[in-house]
Amino acid sequence: MSRFARRSSLLWLWILALLVGCALEGRTTALPPAEVAAEIRATYEQALPTLPAGKQRHYAQRLYRLTGDDRYLPLNRAYGKRLVLALRQEIDGLAEPGYVARRAREKVADYPSRSPKQRRRKRMLGEWGEIGYAKSLAFRLVQASYHGLLDEQHLPGYRRALAYLEGVDFRPFLTDPGVMEIYAAQVANLVYYLHHLGVADLREPVIAAFRHHYPPARDGELSRASYRNKIYGMTHLVIAASDYYQRRVPDGEFDWILAYFASHLDRILADTKEDIYTEVGIGFLLAGREDHPAVQRLRDALVRAYDSRAKMVPSERGGTDLSRGEHRNVLAIMLLDWPGRLHPGPLLELPVQ
């Protein structure tokens, strides 16, 4: 071999070694799921006092239901106090002529419109009159019920609010294909809120309408946005049925959803985002299917998405803003470190004024 050939061979060996070394340097050993969850939790609990009140409520409510740890009670109590004050105003307002129409207009006006999806939803809600207000009121009443506050002691006259909801015809809205196409998760939530409150049981017709609008045979023609809306709606049927992580769902009730998730997991991982596919995994857990192979695949995907520098799961565009990422990351904690039992409530003991 000539001197030039030997030098060329050595050069290529050096370049190859350099490339391998760089690859090895960039490779990190994946942490166990529970350790990733612990790191995310540490990040958020350090930042929690700086987050908006709504984000604090969302996080503390879910971590209490996951752990039963009393240290999350102060933030839940603070939310309970705000909730009671807001609902007392709504209950009083319902006695005023024109109050509902005004509040419905305010709800639509206040709806965010940064993204095309938000603008479509804002237009849609504007077409449904008082539904935007009724939906918000149902959410608050359910939250009061979850926390043991839906009674005359804490909310004098609360039955006026329930009577108002009973007079609203929700069925056309909840079964409308145009609503379902851009609002499936919120439809799932609302139908279970109404059932929980004893206002109306529309679960059967709404689920039938969902399955008619989104049959598996349509999957091939769905855009990514529509497919995400479909999967998100399916996850929320399961989550809302659990009263938002307070209890497991009845055995067999959502087998059709879990079977779909299992058989379409490749596309779910490819075409949805971390918030959505994490809820897919939580759906299996709420149904008691912790040993299902899909759960491990989803946990693995979430661990791969984890940013070990930011100590959180970033957005699909790489964003690491803690406030915007709270929903995604509290879900990640739940999927990666699911407990043996869930804790309802918390039932709040608030001073009566």
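Me: How many aromatic pairs does a search of the whole structure find?
Reply: This is a predicted model. The search covers the whole structure and looks for paired rings. The count of aromatic pairs is 11.

Me: Which kind of aromatic pair do Trp 128 and Phe 173 form?
Reply: A pair of aromatic rings is described by the distance of the centres and the angle of the planes. For Trp 128 and Phe 173, the centres are 5.3 Å apart and the planes make an angle of 75°. Planes over 60 degrees apart count as edge-to-face. The pair of Trp 128 and Phe 173 is therefore edge-to-face.

Me: How many residues apart are Trp 128 and Phe 173?
Reply: Trp 128 sits in the loop between α6 (116-126) and α7 (131-146). Phe 173 belongs to helix α9 (residues 171-175). Their pair links distant parts of the chain, and the separation is 45 residues.

Me: Is Phe 173 buried or exposed?
Reply: Buried means under 20% relative accessible area. Trp 128, its ring partner, has 25% and is partly exposed. Phe 173 has a relative accessibility of 1%, so Phe 173 counts as buried.

Me: Which residues do ring pairs link into a cluster?
Reply: Ring pairs can join up into a cluster, as they do here. The members are Tyr 44, Tyr 59 and Tyr 72.

Me: Where do the buried residues of helix α13 lie around the axis?
Reply: Helix α13 spans residues 255-263, and its buried residues include Ile 257, Leu 258, Tyr 260 and Phe 261. An α-helix has 3.6 residues a turn, so residues three or four places apart point the same way. These four cover an arc of only 160° around the axis. That arc puts them on the same side of α13.

Me: What covers the buried residues of α13?
Reply: The buried residues in question include Leu 258 and Phe 261. Their cover includes other helices of the chain. Among them are α12 (224-241), α14 (265-271) and α15 (274-286).

Me: Which residues does His 213 touch, not counting residues up to four places away in sequence?
Reply: His 213 is in helix α11 (residues 203-213). With 16% relative accessibility, His 213 counts as buried. Beyond those sequence neighbours, His 213 touches Pro 177, Met 180, Glu 181 and Arg 218.

Me: How many helices does the protein chain have?
Reply: The chain has 353 residues, and 48% of them count as buried. Strands number zero. The number of helices is 17.

Terms used:
Residues are numbered from 1 along each chain as its sequence is written. This is a predicted model: local features need pLDDT of at least 70, side-chain atom pairs count only at pLDDT 80 or more; totals for chains, interfaces and linings use all residues. Side-chain values use heavy atoms; hydrogens and water are left out. Buried means under 20% relative accessible area, exposed over 50%, partly exposed in between (1.4 Å probe, protein chains only). Helices (H or I, at least four residues) and strands (E, at least two) are DSSP runs, numbered from the N terminus. The arc is that of the directions from the helix axis to the C-beta atoms. Contact means heavy atoms within 4.5 Å. Rings of Phe, Tyr and Trp (its six-membered ring) pair if their centres lie within 6.5 Å; planes under 30 degrees apart count as stacked, over 60 as edge-to-face and the rest as tilted.
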